[in-house]
Amino acid sequence: MVRISEDLIRRRAEHNNGEIFSLEEVSLHQQDIERIEHIDKWCRDLKILYLQNNLIPKIENVGRLKKLEYLNLALNNIEVIENLEGCESLQKLDLTVNFVGKLSSVESLKQNLHLRELYLVGNPCTEFHGYRQYVLACLPQLQWLDGKEIGRGERIQALQELDAVRRLVLEQEADYIEKREEQKRSGLKETTEKLLSENQNGTHQNPESSSKAHTDAEDKEKEFWEKPCPFTPESRLEAHRHLEDKRRAKEKEREKPKNKTLRTLITADGRVMNVNEPKFDFSLTEDENNCIKLGVHMDTSLLDVDVQPTYVRVTVKGKVFQLVLPAEVKPDSSTAQRSQTTGHLLLILPLAHGEIKPKKPTARPTSVTSKQNTKKETRPVPGRELLEVDPGLAGSLANIVPKGKESSHKPLQLSQPHQHCGVEERPVSKDFVDDPEVPPLM
């Protein structure tokens, strides 16, 4: 049974910042409510109240809503119009598709002087002969009945025939009430027999009959909906509870852990299997530092990484990615890195056995200049570097160190060219002695 709670009304009062004391409109439709309560105490300023499509059997606890103008109780289980005298401002009342069979209860609305619209479509009382004339005569303040405007001539005629119409309506009403009592008794009897049958079946059920449980459930479901029954509050309530039981059973079925077949990760003889349940893209490489690099492309952070000497296992949301390594690694020295942007997981696994490999030589560009053009060449860097010179200067540079003399403790002597570019050669004096051990003046 769903009750009207303060939390329920507060959630429905989002447009009023969650305040319920100053509410003027609240919608409580399709909440499986079975009783009207607390609203007249918590929401005294209410003007519009929606309670359609619930399981309410009686109009109650709304008499204190003095400002209430519109009350919608369509698609409920109401059988009598009552307890609305205190709603002084009531202008519209909607009781569409209920079970109002006591048409004389409409006279309780005489005190609602501002009532202008009344809807009783789909109720048993609308099938009574003289139904419309009786309502028009009893409620002179009405202007619309079941969506049809009331004319002045129609009202005058209804008032003239009121006595005869009232007798006819009361006779039909008595027959309906007697029929209704019989429906209640038969419905109570069927409910009792059904409960006894269910208890017996539950007590004497054996394991052999459990295999037919699914078939029996389908047969009972088909029988429930195909069995003819009168449209009564009891049948409507029974159908609702049947659907509610099915919904709860489905929820319990979803909550049960599924018996998933366990995949073999390691065989009985200790052989590790390669498994990729999540179907990840991955790459396995080996770098120059004797480390194995495993890159896994994934889009989630809910993972668990387990590194063993011979294999790696990554568990993602219950799914296993397991890869056998080509060589033994050191789990304690291994590291895991994951990109926060791309989600790429990188595992660096140092090898357990192996020497550190030398780094491969890297290319470094060198330039070679010639007289005709200038071009760049890329050569590998050798163990030592040699000085490269222009071939045209080879003859001049060869005489830097004189042959046959040691120059380790003496300054180097460059041979004097006879002519410099752009400089005129001066004549040599007769007294000048060219001493090869004396450096030239700069």
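1. Start with Asn77 in this predicted model. Leaving out residues up to four places away in sequence, Asn77 touches Leu55, Ile56 and Pro57, then Asn98 and Phe99, and also Pro233 and Arg236. To find Asn77 on the chain, look in the loop between β3 (70-72) and β4. Asn77 counts as buried because its relative accessibility is 4%, and buried means under 20%.

2. Next, have a look at Ser105. This residue sits in the loop between β4 (92-94) and β5 (117-119). Is Ser105 buried or exposed? With a relative accessible area of 8%, Ser105 is buried.

3. What does the side chain of Ser105 reach? The partner is the backbone nitrogen of Ile81, at 3.2 Å. Ile81 also turns up among the residues that Ser105 touches, along with Val80 and Val100, once residues up to four places away in sequence are set aside.

4. Back to the loop between β3 and β4, this time for Glu85. Glu85 counts as partly exposed, since its relative accessibility of 34% falls between the 20% limit for buried and the 50% limit for exposed. Asn77, in the loop between β3 and β4 as well, is buried at 4%.

5. Which residues does Glu85 touch, not counting those up to four places away in sequence? They are Ser108, Gln111 and Asn112. For a sense of distance, the C-alpha atoms of Glu85 and Leu113 are separated by 9.8 Å, and these two residues are 28 apart along the chain.

6. Now for the nonpolar interior. The largest nonpolar core has 53 residues, and those touching the most other members are Ile39, Leu73, Leu84, Leu93, Leu109, Leu118 and Val135. Three helices, α1 (6-11), α3 (131-138) and α5 (162-203), each supply at least two residues of this core. Which element gives the largest share of this core? That is α3, with 6 residues.

7. Leu84 is worth picking out from that core. Aside from neighbours within four places in sequence, Leu84 is in contact with Ile59, Val62, Leu71, Leu93, Leu109 and Asn112. Two of these names, Leu93 and Leu109, are also on the list of core residues that touch the most other members. Asn112 is a contact of Leu84 and is touched by Glu85 too.

8. One last thing to look for: apart from the largest core there is another one, of 17 residues. Its members include Val296, Val312, Val316 and Leu349.

Methods
Residues numbered from 1 in each chain as written. Predicted model: local features only at pLDDT ≥ 70, side-chain atom pairs only at ≥ 80, totals over all residues. Heavy atoms only, no water. Helix = DSSP H or I, 4+ residues; strand = E, 2+ residues; numbered from the N terminus. Buried < 20%, exposed > 50% of the residue type's maximum accessible area, 1.4 Å probe, protein only. Polar contact = N/O pair within 3.5 Å; in protein donor to acceptor, adjacent residues only side chain to side chain. Contact = heavy atoms within 4.5 Å. Core = buried A, V, L, I, M, F, W, Y, C linked by side-chain atoms within 4.5 Å.
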